[in-house]
Amino acid sequence: MKEFKTYSPEETYKLGTALGKILRRGDAVCLTGDLGAGKTAFTKGIAAALDIKGHITSPTFTIVNEYNSEIPLYHFDVYRISDSEEMFGIGFEEYLYGNGIVVIEWANMIEDILPGEYISVDIKKCLEEGGDTRAIKIVFLGNRYKEYEGRLSF
Ligand code: ADP
Ligand code: MG
């Protein structure tokens, strides 16, 4: 487990880029945190590390946005998912076991169908410290990620 504090959206973006740089095909990043915590800002940073130039927005109505690159990015926002079955309907497993990187905003809403191993990123607003401070906790869950913590540099 690694804990960070960021003091601006740019810094959260940079932490996302630092994580993005160590990701490999088939990895899954599960983001949790309230509305406006910075999940999309962090995802934009991951996308930058994958050399994705397009404009990244939360895929709130479409559930998943795909970005092509050498390693594709599958960006989910599951806030509007009513039950996990819906995820299988849009091919969640194909994405998960495909050759890109899966990033899921609001992953806690589909907790019952998350894979056994994933990278958990939880972002909390530090309200007592004013508007822009965020506490970001990254946990590498499972054998697949056992070397990642040592490789992450920020
Ligand atoms: P989410 O996807 O979690 O709903 P967004 O990334 O879309 O959140 O939005 C985060 C909002 O919080 C943006 O308006 C951003 O400018 C603001 N913000 C302020 N400080 C930070 C910070 N340290 N990290 C990320 N976002 C921040
Ligand atoms: Mg978002």
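Biologist: Which element gives the most residues to the shell around ligand 1?
Modeller: That's α2, with 3 residues in the shell. Keep in mind that this is a predicted model.

Biologist: And which helices supply at least two residues each?
Modeller: α1, residues 9-22, and α2, residues 39-49, both do that.

Biologist: OK, which residues come nearest to ligand 1?
Modeller: There are 16 residues around ligand 1, and T12, G36, K39, T40 and D132 come nearest.

Biologist: What's the mix by class in that shell?
Modeller: You get 5 nonpolar, 6 polar and 5 charged residues around ligand 1.

Biologist: Where do oxygen atoms of ligand 1 meet T40 and G38?
Modeller: For T40 it's the side chain: one of its N or O atoms is 2.8 Å from an oxygen atom of ligand 1. For G38 it's the backbone, where an N or O atom lies 2.9 Å from a ligand 1 oxygen.

Biologist: What about E105?
Modeller: E105 has a polar side-chain atom 3.2 Å from an oxygen atom of ligand 1.

Biologist: How much of ligand 1 does the protein bury?
Modeller: The protein buries 73% of the 570 Å² that ligand 1 exposes when taken alone.

Biologist: Switching to the magnesium ion, ligand 2. Which residues coordinate it?
Modeller: T40 through OG1, S58 through OG and E105 through OE, at 2.1 to 2.4 Å. So T40 and E105 are met again here, as both also have side-chain atoms by ligand 1 oxygens.

Biologist: How are those donors spaced in sequence?
Modeller: The pattern is T-x17-S-x46-E. T40 sits in helix α2 and S58 in the loop between α2 and β3, so this pair ties together parts that are 18 residues apart in sequence.

Biologist: New topic: the sheet. What order do the strands take?
Modeller: It's an open sheet of 7 strands, ordered β1-β7-β6-β2-β5-β4-β3, with mixed pairing. β1 (2-6) and β3 (64-67) are the edge strands, each pairing on one side only. On average, neighbouring strands are turned by 15 degrees against each other, ignoring direction.

Biologist: Do β4 and β5 run parallel or antiparallel?
Modeller: Parallel: 5 bridges join β4, residues 73-77, to β5, residues 101-105.

Biologist: And which residue does D77 stand opposite in β5?
Modeller: E105, one of the residues that coordinate the magnesium ion.

How values were computed: Residues are numbered from 1 along each chain as its sequence is written. Chains are lettered from A and ligands numbered from 1 in the order in which they are written. This is a predicted model: local features need pLDDT of at least 70, side-chain atom pairs count only at pLDDT 80 or more; totals for chains, interfaces and linings use all residues. Side-chain values use heavy atoms; hydrogens and water are left out. A residue is near a molecule or strand if one of its heavy atoms lies within 4 Å of it. A polar contact is a pair of N or O atoms within 3.5 Å; within protein, one must be able to donate a hydrogen and the other to accept it, and residues adjacent in sequence count only if both atoms are side-chain atoms. Accessible areas come from the Shrake-Rupley method with a 1.4 Å probe; for residues, only the protein chains shown count as cover. Helices (H or I, at least four residues) and strands (E, at least two) are DSSP runs, numbered from the N terminus. Ala, Val, Leu, Ile, Met, Phe, Trp, Tyr, Cys and Pro count as nonpolar, Asp, Glu, Lys and Arg as charged, and the others, Gly among them, as polar. Two strands pair if DSSP finds at least two bridges between them. Axes are lines fitted to C-alpha atoms, for helices over the stretch in contact, and angles run from 0 to 180 degrees between N-to-C directions. Donors are N, O and S atoms within 2.8 Å of the metal (3.2 Å for Na, K and Ca); water is not among the atoms, so sites may look incomplete.
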